[in-house]
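Subject: Structure handover

Hello,

Please find the structure below, for your own work. My notes on it follow.

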Amino acid sequence: MAPEAKLYGLREPLLLSSMSSFATHRFFGPFPSSVQFGPPKLSRLRVLAMVVKRSPKRLKYATPRFNKEDDLLYAEVDPSGADSWKLERVVNLLKEGAVGVIPTDTVYAMVCDVRNHSAIERLRRIKDIEPLKPLSILCHSFRDIDIYTTGFPCGDGQGHANIFRAVKHCLPGPYTFILTASKELPKQCIRYGTKVAKYASRKNVGVRIPDDAICQAILEKMDAPLISASVKSLKENEWILDPVVIADTYGPEGLDFVVDAGLRIADPSTVVDMTVNPPKIIRQGKGPKLPWMQTEDYNNNETDDGK
């Protein structure tokens, strides 16, 4: 019989008298000496006894590398990208059709492989996205933008000849640029519908090149853009900034993985419509307004970028 162990973080130590559930957990790498597990889950009363700095949910997902809990893979990574080797399994899951959550340089994004149509359908279902709402894409470089859009607008001889050069100074960065989609972009992203109204006529898509080490590492390994959508509360129109809360909220909905790179701030990207001349800001966010951008005061319903 295993000796009694104590789990600290509670106001009173909790005795773990058995390790019978050890075999039900799969781990990659050795156990750290400070982590012990017992058979029962902590009751709600016990959870409330946890100190603030040591959230019980964070204990739930705390492992040396990866932990598959309730069919959800939870990977905690260094925001600097120093341990990007942990992302290999995440990338493999994405290539197999998984839907998960990753960090960006603004808030967290729910993503899937742009080349996997069934994964796009699952993302819409998990996120409960309106059928006629188009999705955005996260790109690794301008090469992806050239493939999946018709590119940035050319100059008009009236002072807008260097917009592309100006955009290059913005990216990677906290901007979403709305561009005309090319035929390479799956129709589920730009026009979608029901059996009654099969497809809505949508030609534009929001594109991002996030300035985030984790996001860029995943995109580089994927060698293709990721479809992305905002990660918000199921009941309220607010971003969820804690990856642990994201896991608890969307895990039951069918989410496959969460990459935890720490808490985020509710500061989404600045959305700029590049299909008009001059380009117009339709949502002011983290990215500052630049001289070649104009502002337009209306709510953005054109893309579920959320970042």
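The model is a predicted one, and the notes begin with the aromatic rings. There are six aromatic pairs. In one of them, Phe177 and Trp292, the ring centres are 6.4 Å apart and the planes meet at 25 degrees; with the limit for stacking set at under 30 degrees, this pair counts as stacked. The two rings come from distant parts of the chain, 115 residues apart: Phe177 belongs to strand 8 (residues 175-180), while Trp292 is in the loop between strand 13 (280-283) and strand 14 (294-295). Phe177 is buried, at 0% relative accessible area, and Trp292 is buried as well, at 15%. Both rings are part of one aromatic cluster, made up of Phe142, Phe152, Phe164, Tyr175, Phe177 and Trp292.

Two rings have a charge over them. Lys232 lies over the face of Trp239, 4.5 Å from the ring centre. The charged end of Arg264 sits over the ring of Tyr108, at 5.3 Å from the centre.

Next, the salt bridges. The structure has eight of them. Arg143 takes part in a network of salt bridges with Asp144 and Asp223. The N to O distance is 3.7 Å for Asp144 and Arg143, and 4.0 Å for Asp223 and Arg143. The link between Asp223 and Arg143 joins distant parts of the chain, 80 residues apart, with Arg143 in helix 5 (residues 142-148) and Asp223 in the loop between helix 8 (213-222) and strand 10 (226-230).

The three members of this network fall into separate accessibility classes. Asp144 is buried, at 4% relative accessible area; Arg143 is partly exposed, at 48%; Asp223 is exposed, at 52%.

Another of the salt bridges is formed by Asp113 and Arg115, whose closest N and O atoms are 3.0 Å apart. Here Asp113 is buried, at 4% relative accessibility, and Arg115 is partly exposed, at 44%.

Last, helix 4. Which residues are buried in helix 4 (residues 117-127)? They are Ala119, Ile120, Leu123, Arg124, Ile126 and Lys127. These residues are on the same side of helix 4, because the arc they cover around the axis is only 170 degrees. Asp128 follows helix 4 and has a positive phi, near 55 degrees.

Regards

Conventions. Residues are numbered from 1 along each chain as its sequence is written. This is a predicted model: local features need pLDDT of at least 70, side-chain atom pairs count only at pLDDT 80 or more; totals for chains, interfaces and linings use all residues. Side-chain values use heavy atoms; hydrogens and water are left out. A salt bridge is a side-chain nitrogen of Lys or Arg within 4 Å of a carboxyl oxygen of Asp or Glu. Buried means under 20% relative accessible area, exposed over 50%, partly exposed in between (1.4 Å probe, protein chains only). Helices (H or I, at least four residues) and strands (E, at least two) are DSSP runs, numbered from the N terminus. The arc is that of the directions from the helix axis to the C-beta atoms. Rings of Phe, Tyr and Trp (its six-membered ring) pair if their centres lie within 6.5 Å; planes under 30 degrees apart count as stacked, over 60 as edge-to-face and the rest as tilted. A charge sits over a ring if NZ of Lys or CZ of Arg is within 6 Å of the ring centre and within 35 degrees of the ring normal.
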